[in-house]
Amino acid sequence: MRDYWLNRLFFDLQNPAAAAEYRADRDNVLARYPLKPVLREAIVANDVATLAPLVNAYLLRFYFLVAGMPEEEFLRRIRASGEQAHG
Amino acid sequence: MADLVGIYAASHGPMIVRSWDVLPPASKHTLTTAFAEVGRRINAAKPDVLIVISPDHWVNFFLDNLPSISIGVGETHDGPPEPWLNDFPHKQLAGHASLAQHITEHVFNCGFEPSVSYKLALDHGFCIPLWKAGIDPLPAIVPIIINTVEAPFPSAARCFDFGRSIAEAVNRYEGSLRVALLATGGLSHSIGEATMGQIDEAFDRECLQHFASGDRDVLLKFLERKMPLAGNGAAEVRNWAAAHGAAGARGFDLIHYSAMPEIYVGCGFAAWGVDKNINTNK
């Protein structure tokens, strides 16, 4: 199941101007989206494992590129999310 | 009368461009050689129109409305919006509205209900193969998007049959045109999921064997069973299935395959012979 507003945020950040605004003032951008508190916290915490089941995988990968997470770090976290999911 | 003069497939991973400067020389050579051979064959076929079947990677469509199939019927299409494709040489690409509308009408008569778009932006799925293959001059493009990014997906069998209907439509078009078809994407890869970076080379090689065998039913059963297990990017093999259908499941010719973990993709390049026996009713 997808969370619409989480996907909408990541989709919108494909726009370079929106991405620049997000990097400059993340809280102000997040305030425009009616995100569930737990998801807003997961975004702020770069909690890949919480976000992954609720968002399209391509948008998830794109978001963490925009957010500036190094590739190796994203790979470590997304792979660990699979280990968590499978116990 | 229009003639289908060639059918091709090529992978399109973004890192082919985004990471080009840091790829090992051997990888660059592999990709350059494979794309060049696809381009050589397309250029030799001298198409007036190139039908390109690709996914849309969240450029034109979103969860608000996500068509299973969409046909670009516009006079022009926008070039890729990805900032890392700024060097792509075309900001706009000519379409072929007449052929696109004809294909749309024909596939509706065959039981398909694609959406239509009068203004598409063609993302890396379309533009990386067009660019890297060196297709020159660039023919008019009829873009066809098959949803392979977010479930529910059309079945491989449905895509095969859709491809066959495209070929029929081309062969029934009244105008004098040379038309080629290029399917992009695949083979196995995994992006943004726990298996990211893994390439299922066994899947890829068995998949290619089934394309080569020409046994439609075995291929389609294999894809329905194995495609969901080979990474989310493997869903794009549906585009290859459509090309295979357009070719009447015959004449598959593998140009190159390499598992390329440095770009996260099992990279495949292929061509098909053209099935002159597809129903034309000319």
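**Note on chain B: a covered helix and its surroundings**

1. The buried residues of helix H4 of chain B pack against strand E1 (3-10), helix H1 (15-18), helix H2 (25-45), strand E2 (49-54), strand E7 (140-146) and strand E8 (178-184) of chain B. The reader should keep in mind throughout that the model is predicted, and that each statement below describes that model.

2. How many of the residues of helix H4 (residues 124-132) of chain B are buried? The helix is mostly covered, with 9 of its 9 residues counted as buried, and these are His124(B), Gly125(B), Phe126(B), Cys127(B), Ile128(B), Pro129(B), Leu130(B), Trp131(B) and Lys132(B). Here a residue is called buried if 20 or more other C-beta atoms lie within 10 Å of its own. After H4(B) comes Gly134(B), which has a positive phi, near 65°.

3. Turning to the chain as a whole, chain B has a secondary structure of 8 helices and 10 strands. Its radius of gyration is 17 Å, which is close to the 19 Å given by the globule rule for 282 residues, so chain B is as compact as a globular protein of that length. Taken along the principal axes, the box filled by the C-alpha atoms of chain B is roughly 50 × 40 × 40 Å.

4. Burial and contacts can also be stated for the entire chain: 56% of the 282 residues of chain B count as buried. Among the contacts in chain B with a separation of 6 or more, 84% are between residues 24 or more positions apart.

5. A second point of interest is a pair of helices, H3 (residues 97-109) and H5 (residues 156-172) of chain B, which pack at an angle of about 125° with their axes 9 Å apart. H3(B) and H5(B) are therefore oblique to each other, and their crossing is right-handed. On the H3(B) side the contact is made by His102(B), Ile103(B), His106(B) and Val107(B), and on the H5(B) side by Phe162(B), Ser165(B), Ile166(B), Glu168(B), Ala169(B) and Arg172(B). By class, the residues of this contact between H3(B) and H5(B) are 5 nonpolar, 3 polar and 2 charged. As background to such a list, an α-helix has 3.6 residues a turn, so residues three or four places apart point the same way.

6. Finally, chain B also meets another chain, since 15 residues of chain B are in contact with 18 residues of chain A. The side of chain B that touches chain A consists of 8 nonpolar, 5 polar and 2 charged residues.

Methods: Residues numbered from 1 in each chain as written. Chains lettered and ligands numbered in written order. Predicted model: local features only at pLDDT ≥ 70, side-chain atom pairs only at ≥ 80, totals over all residues. Helix = DSSP H or I, 4+ residues; strand = E, 2+ residues; numbered from the N terminus. Rg over C-alpha atoms; globule rule 2.2 N^0.38 Å. Buried ≥ 20, exposed ≤ 12 C-beta atoms within 10 Å, placed from the backbone. Contact = placed C-beta atoms within 7 Å. Axes fitted to C-alpha atoms, helices over the stretch in contact; angles between N-to-C directions. Parallel < 35°, antiparallel > 145°, perpendicular 65-115°, else oblique. Left-handed = near helix turned anticlockwise from the far one by under 90°. Nonpolar A, V, L, I, M, F, W, Y, C, P; charged D, E, K, R; others polar.
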